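Subject: Structure for you to look at

Dear colleague,

I am handing over the structure below, and I would be grateful if you could read it alongside my notes.

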Amino acid sequence: MSITRRCVCPGSYDPVTLGHLDIIRRAAVLYDEVVVAVLHNPAKEGLFTPQERLQLIDAELADAGLSTVQALVFENRLLVDVCAEMGIGAIVKGLRGETDYSYELPMAVMNRRLSGVETLFLPGDPAYTEVSSSLMKEVARFGGDISGLVTPRVHEALRARCLP
Ligand code: PNS
């Protein structure tokens, strides 16, 4: 009997960046199935609606041919409850540096305390060290060049949303 090994790549994805897509692609090598969970972060105000974020991710996954990855929106849910419901064995997140580690560690410890689910950290690709959704939004808002850091589709969506 074979067991499907499933992980989740959770995040706000407002919007998805090339850094996110790199982690998702690498998680798909390690696991049979990957769930990209678009979740609410109460500390962050959204530029795109959860459904808009999902549409952007779906389009990128289709372009990348990542057939074992599915993206879903979960509103007002704990990540650990999503994991339990979907039979997800691990949370996979990327770390760009120490600041990410300080931010991610308490969540990883809390998620393990709540349900036993483990978090695995992948080192972020150095090519995307400066890439965060927040920074992409800020640079796009003032017309800066973020090509090579987000996909052309996401770049266009940011331009359309941010520029007058
Ligand atoms: O991309 P982000 O904003 O760093 O992702 C953070 C996110 C959305 C993964 C986190 O806030 C989260 O898991 N939210 C869902 C609610 C939850 O489970 N909160 C407790 C975390 S210990």
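The notes that follow cover the ligand and then one helix.

Please bear in mind that this is a predicted model, in which local features need pLDDT of at least 70, side-chain atom pairs count only at pLDDT 80 or more, and totals for chains, interfaces and linings use all residues. Residues are numbered from 1 along each chain as its sequence is written, and side-chain values use heavy atoms, with hydrogens and water left out.

Around the ligand there are 15 residues, of which S12, N41, K44, L79 and Y103 come nearest (a residue is near if one of its heavy atoms lies within 4 Å). Among the polar contacts (pairs of N or O atoms within 3.5 Å), a polar side-chain atom of S12 lies 2.5 Å from a ligand oxygen, while a backbone N or O atom of L79 is 2.8 Å from an oxygen atom of the ligand. The protein covers 84% of the 550 Å² of accessible area that the ligand has on its own (Shrake-Rupley method, 1.4 Å probe). Helix α4 (98-115) and strand β1 (6-11) each supply at least two residues of this shell (helices are DSSP runs of H or I with at least four residues, strands runs of E with at least two), and the largest share, 4 residues, comes from α4.

In helix α2, the buried residues (under 20% relative accessible area, 1.4 Å probe, protein chains only) are R53, L54, L56, I57, E60 and L61. They lie on the same side of α2, because they cover an arc of only 165 degrees around the axis (taken from the directions from the helix axis to the C-beta atoms). On the other side of α2, Q55, A62 and D63 are exposed (over 50%).

With best wishes

Terms used: Polar contact = N/O pair within 3.5 Å; in protein donor to acceptor, adjacent residues only side chain to side chain.
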